[in-house]
Structure formats: structure tokens, C-alpha cells
Amino acid sequence: QVQLVESGGGLVQAGGSLRLSCAASGRTFSMYAMGWFRQAPGKEREFVATISRSGDNTYYADSVKGRFTISRDNAKNTVYLQMNNLKPEDTAVYYCAAGPTYYSSAVPRSDLSYDYWGQGTQVTVSS
């Protein structure tokens, strides 16, 4: 069992930055690929970014590529999402998720690949 707690959300002006953190419980954090997803009001949840359990591979949605950076610290059981040059369309509840993978460099993009989810943190970008 893995419990995930996100933090770092808030209100920011367009062009600004935020860093989200996701702290995981348990001693098996390094066995999971970690992903960030988001859900805007009235829209379906969408993939944002993922990092392999080894930390050597990442993958981003086209909408955030070049602006967001995902990273992880396995010693601290924490995954981060650095978000720069934020846009109003980035406004959403952001969720982190953990998914077991067989290959250490796997970067799953489907939410079906993730077994554990956090409660979410709100990010609001004003224009």
C-alpha cells in the first residue's frame, strides 16, 4: 500500500512558476513509476508527465513539454513537478500517482497503469 500526499498548489499569474511535491509513504517508493495528471472543471483527467522508477526516463504531454519538469528523490520518497511559464489553461486539480512497472525505465502514460492516487492539489493560473 502506498499513500500519496500532494502539496505546492496555489494561485499564480500567467507566466509564473509553481513546484508541486508528492510525498509517498512506505519503503517501496523506488519500485513505482510516478505520474502527474490533472483535471480541469468539466473535463476528463489528462496525463501531464511521468518518470520511471529508476528516474532515468521521463515523458511529457505535448501541452507541457518544455515548460514542466518532473523529477524524483527516491531517498526522500518524493516526486516533484516544476511548472514554469504557466498558462491559464494549466488551471486544474493536479494529482500524483504511483504505478508498479516491470522495467525500471518504463514511463506509463495511461491512468490505468497507476494503482495509487493522491487527493490532488489545486493550481489556478490567472490571466
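Two strands pair if DSSP finds at least two bridges between them. The views below show a predicted model.

**View 1. The hairpin of β4 and β5.** 5 bridges join β4 to β5, and the two strands run antiparallel. There are 6 residues between the strands of this hairpin. One of its residues, G42, takes a positive phi near 75°. W36 stands opposite A49 in β5.

**View 2. Strand β4 and its partner β9.** How many bridges pair β4 with β9? There are 8, and the pairing is antiparallel. W36 has a bridge partner in β9, namely C96. Is β4 mostly covered or mostly open? Mostly covered: 7 of its 8 residues are buried.

**View 3. The whole chain.** The chain has 11 strands and 0 helices. Read along the sequence, its pattern is therefore β-β-β-β-β-β-β-β-β-β-β, with strands counted as DSSP runs from the N terminus. The C-alpha trace spans about 40 × 25 × 25 Å along its principal axes. A compact globule of 127 residues would have a radius of gyration near 14 Å, and the 13 Å of this chain agrees with that. Of the 127 residues, 44% count as buried. The chain exposes about 6,600 Å², and carbon and sulfur atoms supply 46% of that area. Take the contacts with a separation of 6 or more: residues 24 or more positions apart account for 61% of them.

**View 4. The open sheet of 4 strands.** Its strand order is β1-β3-β8-β7, and the pairing is antiparallel. Which strands lie at the edges? They are β1 (4-7) and β7 (68-73), and each pairs on one side only. From one strand to the next, the twist averages 15°. Strands of a sheet pair through backbone hydrogen bonds, either parallel or antiparallel.

**View 5. Strands β3 and β8.** β3 covers residues 18-24, and β8 covers residues 78-83. They pair in the antiparallel sense over 6 bridges. One position to find is S21: its bridge partner in β8 is Y80.

**View 6. The largest nonpolar core.** In soluble globular proteins, nonpolar side chains tend to be buried together. The largest nonpolar core here has 35 residues. Which of them touch the most other members? They are L4, M34, W36, L81, M83 and Y94. At least two core residues come from each of β3, β4 (32-39), β5 (46-51), β7, β8, β9 (92-100) and β11 (121-126). The largest share, 5 residues, comes from β9.

**View 7. The surroundings of L4.** Residues up to four places away in sequence are not counted in this view. L4 touches C22, A23 and A24, as well as M34. Its list of contacts also holds C96, A97 and A98. Y116, W117, G118 and Q119 complete the set.

**View 8. G10 in strand β2.** G10 lies in β2, which covers residues 10-13. Is G10 buried or partly exposed? Its relative accessibility is 26%, so G10 counts as partly exposed. The cut-off for buried is under 20%. Leaving out residues up to four places away in sequence, G10 touches L18, Q122, V123 and T124. Along the chain, G10 and T121 are 111 residues apart. In space, their C-alpha atoms are separated by 8.0 Å.

Note on methods: Residues numbered from 1 in each chain as written. Predicted model: local features only at pLDDT ≥ 70, side-chain atom pairs only at ≥ 80, totals over all residues. Heavy atoms only, no water. Axes fitted to C-alpha atoms, helices over the stretch in contact; angles between N-to-C directions. Core = buried A, V, L, I, M, F, W, Y, C linked by side-chain atoms within 4.5 Å. Buried < 20%, exposed > 50% of the residue type's maximum accessible area, 1.4 Å probe, protein only. Contact = heavy atoms within 4.5 Å. Rg over C-alpha atoms; globule rule 2.2 N^0.38 Å. Areas by Shrake-Rupley, 256 points an atom, 1.4 Å probe, with all protein chains shown as cover.
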